[in-house]
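Here's a short tour for anyone who'd like to get a feel for this fold before heading back to the bench. Have the sequence and the 3D view open as you read.

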Amino acid sequence: MVEGKWFAPGAEIGQALAIRQAVLGRGADELDKLSWNVLVRHEGEVAATGRLWWQDGAFWLGDIAVLPEKRGLGLGDLTLRLLLFKAESHAARLMKLACPADVVPFFERLGFRTEETRENGMVVMLLRGEELCLDSCKGCQKDCQNRK
C-alpha cells in the first residue's frame, strides 16, 4: 500500500527531514516554516518526500527525494504529482523548481520547461498552470485526444 500525508507549514516534519538528509544531504532550513511538506509511505515505511512553497509569484517545488531502497516503484512520480496537485488546488498560475541537469527529463515528462541554467549548474524549470496535466497518459496536454 502507498499513502501520502501532508504537513502544513510549521508542523513537525522529522520523518521528511530524515529522508531529505539521507538522500540530499540537507536538513531543516528557513523554507520549512513556509512549506507544505508531503511524506509518502510504501508498505507502511517512509519512502519519499517533497515540499511546496510560495515565493516571488510562483509555487516552488523542491527537495523531492526517494530513499534508494524504494526507487523504481514510481514514488518519485507520485510525490511530484502530489505537489503539483496541491499547487493546482491553490489555483497555481506558475510552478517552478530548481534541479540538477541530470534530472531535467524527469520533470519534462509532466510539462516543465527550462527557464535558465544557473552558474552552479542548477536548472530552473517552470510550468504554467494552464499547461498542467495530471492525467495518467504521461504528459499529455489538457486538450489531448487521449483524454476522455
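What follows covers the sheet, a helix that lies on it, a salt bridge and the main pocket.

Keep in mind that this is a predicted model.

Let's begin with the sheet. It is an open one with seven strands, and if you walk across it you meet them in the order β1-β2-β3-β4-β5-β7-β6. The pairing is mixed. At the edges sit β1 (2-7) and β6 (113-117), each with a pairing partner on one side only. From one strand to the next, the twist averages 25 degrees.

Now look at β4 and β5, which run parallel and are joined by three bridges. Which residue in β5 is the bridge partner of Leu 61? That's Leu 97.

Next, find α1. This helix lies across β2 (36-42), β3 and β4, and runs at about 95 degrees to β3. Helix α1 also holds Arg 20, which takes part in a salt bridge. In general, side chains of opposite charge can pair when their charged atoms come close. Here Arg 20 pairs with Asp 32, and their closest N and O atoms are 2.8 Å apart. Asp 32 sits in the loop between α1 and β2, so to speak across a gap in the chain: the two residues are 12 residues apart, and the pair links distant parts of the chain. Searching the whole structure turns up 12 salt bridges.

Finally, the pocket. The largest pocket has a volume of about 750 Å³. Its lining counts 30 residues, and those nearest the centre are Asp 63, Ile 64, Ala 98, Cys 99 and Pro 100. Which element gives the most to this lining? It's β4, with seven residues. Several elements supply at least two lining residues each, among them α1 (14-24), β3 (45-55), α2 (75-89) and α3 (104-108), along with β4 (58-66) and β5 (94-100).

Here is how the lining of the largest pocket divides by residue class:

| Class | Residues in the lining |
|---|---|
| Nonpolar | 19 residues |
| Polar | five residues |
| Charged | six residues |

So β4 turns up in three places: paired with β5, under α1 and in the pocket lining.

Key
Residues are numbered from 1 along each chain as its sequence is written. This is a predicted model: local features need pLDDT of at least 70, side-chain atom pairs count only at pLDDT 80 or more; totals for chains, interfaces and linings use all residues. Side-chain values use heavy atoms; hydrogens and water are left out. On a 1 Å grid over the protein atoms alone, a cavity is a set of points where a 1.4 Å probe fits but cannot get out, and a pocket is an open set with protein on both sides within 12 Å along at least five of seven lines; lining residues have an atom within 4 Å of a point. Grid points are joined across faces, edges and corners, and a volume is the space filled by probe spheres set on the points. Helices (H or I, at least four residues) and strands (E, at least two) are DSSP runs, numbered from the N terminus. Ala, Val, Leu, Ile, Met, Phe, Trp, Tyr, Cys and Pro count as nonpolar, Asp, Glu, Lys and Arg as charged, and the others, Gly among them, as polar. Two strands pair if DSSP finds at least two bridges between them. Axes are lines fitted to C-alpha atoms, for helices over the stretch in contact, and angles run from 0 to 180 degrees between N-to-C directions. Contact means heavy atoms within 4.5 Å. A salt bridge is a side-chain nitrogen of Lys or Arg within 4 Å of a carboxyl oxygen of Asp or Glu.
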